[in-house]
Amino acid sequence: MPSRRTLLKGLALAAAASAVPLPAFAEAGYVPPLRQMRGMWIASVVNINWPSKPGLSADEQKAEYLAWLDVAVQRKLNSVFVQIRPTADAFWPSPYEPWSQYLTGTQGQDPGYDPLGFAVEETHKRGLAFHAWFNPYRVSMQADPAKLHPDHPGRQHPDWILPFGGKLYYNPGMPEVRKFCQDAMMDAVTRYDIDGLHFDDYFYPTNTTAFDDAEEFAKYGAGFPDLASWRRNNVDLMVQEMQQRVLAAKPEIAWGISPSGIWRNKATDPLGSETNGGQSYDNLHADTRGWVKKGWLDYIAPQLYWYIGQPPADYSKLVPWWSDVASGTNTLLWIGQAAYKAGDPAQAAEWQVPGELSRHLTLNREHPEIGGDIWYNANDVKVDRIGSVSTAVNDHYQRPALAPVLPRLAGGEPPRRPVLAYAKRRSGGVEVRAVATGRDEPFLFAIYRFDRHASSASAFADARNLVAIVPGDRQIRWTDPDGQRGDHYYAVAVDRANRTSKPSNGFRAI
């Protein structure tokens, strides 16, 4: 239980928060965006989210996953990031690595269905995007190779793995390991209808000689000034080569990474942020700023898991720093939000203020480079301690939003303009029927409502009149509970890359 001093501090912070500018949606002249990443991470490692424990039946696992999708819909999200390769294992029948132990409790045991196939299909049924989340190098949460499945690549190639910190890792310094990891992940990319390939923030485990890759450095490190530079190049190669492979195999899916939030501190590097925390460039050998500047990612989602004003890493200082990094590039910027800290009594008093996360999104609106947020993790989005997540949702997600379009795909062919067949007043509101006209079935239909005829295309460029995003089909029927006779309705078709058609014909509700 928090101390009296902590509670008093929290009350003071709550009072101060009342002086913070109004939430973004309430600001005078604020225009809700048509496109905004609204995602959440669904973690599988050590059964954090899904499945909730190993050994559940296939039906129980399916029911749990559907419940997570219900949470995403309830919180007005448009994307899920699902961990399908947590520890060099698989949530699909992979020819490269064994079935994950987090499914059945036994590594290599068939769960009786295809979790990835099921998850992708059900996610799309709800009109949500499915981003496949991979951990690139982690092999095991324990350090004994003998506990791996006999057919595990780490058992077949014991020279590929290294112990560190009570865990096992693939050695990133071996070219054959890097290629194997890519092959294992690309198997899911090429075989499943996913919307994105996503890495988390774990690369090298730490900047230390205790991670014993001296032999590989001696073999491959010629021309590098030190071990750290060579390790950083190994990670660079993984990132750059993954981009090339994604572009070659599935050019319309998104490729991105959610790194730890500090690239380097300004005290270390004048290009760094005004922080004093762990540096991904030095500690994890992850040159996150460089990846953005070199154009190797479609998006970056730094984990800014600090409160506004927090020393030594202040959210309000990191947001403009990352915005400046992304500015002028074709790399989209989304922010990783720490839903798991809000309302946790073990956290600082600032995290006991229900509006803290909402204040983050309000601050984000000052930086147009930021295209949305991803929440960690699904359980915290669900339980909504102290109402922090629902406060942010109510303040900032009043209107629906499509997921962003990747800059490199924006010029692609949009879907065909649909036809709005009717808009009729029923007992439950106004029912509209939209019909696709193109050969390809739209992924979504965006439904707009106006009080008069929409006279220009610009009326569809934001979400002020967007009332619903409906999962696609050849035709859809949707009832607007707030619709009135005389309202004007339009439909826009949306493809899997989130490109939009021209608006349909208008229909005045009768």
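How many salt bridges does a search of the whole structure find? The count comes to 24. Keep in mind that this is a predicted model. Below is a quick tour of some of those pairs, followed by a surface patch of negative charge and a polar contact made by Gln36.

**Asp183 and its two partners**

- Start with Asp183, whose side chain meets that of Lys179 in a salt bridge, at 2.8 Å from N to O.
- Asp183 and Lys179 both belong to helix H6 (residues 175–191), and because they are four residues apart there, about one helical turn separates them.
- Asp183 also takes part in a salt bridge with Arg245, where the closest N and O atoms are 2.8 Å apart.
- That second pair reaches across the chain: Arg245 sits in helix H8 (residues 227–249) and Asp183 in helix H6, so the bridge ties together parts 62 residues apart in sequence.
- As for cover, Asp183 has a relative accessibility of 13%, so it counts as buried, the cut-off being under 20%.
- Arg245 comes out at 26% relative accessibility and therefore counts as partly exposed.

**Arg85 and Glu97**

- Another salt bridge joins Arg85 to Glu97, and the closest N and O atoms in this pair are 2.7 Å apart.
- Here too, distant parts of the chain are linked: Arg85 is in strand E2 (residues 79–85), while Glu97 is in the loop between E2 and helix H3 (101–104), with the two residues twelve apart.
- Is this pair buried or exposed? Arg85 and Glu97 are both buried.

**A salt-bridge network**

- Glu122, Lys125 and Arg126 are hooked up to one another in a network of salt bridges.

**Negative charge on the surface**

- Which residues gather in a patch of negative charge on the surface? They are Asp159, Glu176, Asp212 and Glu215.
- Glu215, one of this group, has its place in helix H7 (residues 214–220).
- With a relative accessible area of 63%, Glu215 is exposed, since that label applies over 50%.

**Gln36 in its loop**

- Gln36 turns up in the loop between helix H1 (4–17) and strand E1 (37–42).
- Despite that loop position, Gln36 is buried, its relative accessible area being 7%.
- What does the side chain of Gln36 make a polar contact with? The partner is the side chain of Arg38, at 2.8 Å.

Definitions and conventions:
Residues numbered from 1 in each chain as written. Predicted model: local features only at pLDDT ≥ 70, side-chain atom pairs only at ≥ 80, totals over all residues. Heavy atoms only, no water. Patch = residues over 30% accessible without salt bridge, like charges linked within 9 Å, V, L, I, M, F, W, Y side chains within 5 Å. Areas by Shrake-Rupley, 256 points an atom, 1.4 Å probe, with all protein chains shown as cover. Salt bridge = Lys/Arg side-chain N within 4 Å of Asp/Glu carboxyl O. Lys, Arg positive; Asp, Glu negative; His and termini not counted. Charge placed at Lys NZ, Arg CZ, Asp CG, Glu CD. Buried < 20%, exposed > 50% of the residue type's maximum accessible area, 1.4 Å probe, protein only. Polar contact = N/O pair within 3.5 Å; in protein donor to acceptor, adjacent residues only side chain to side chain.
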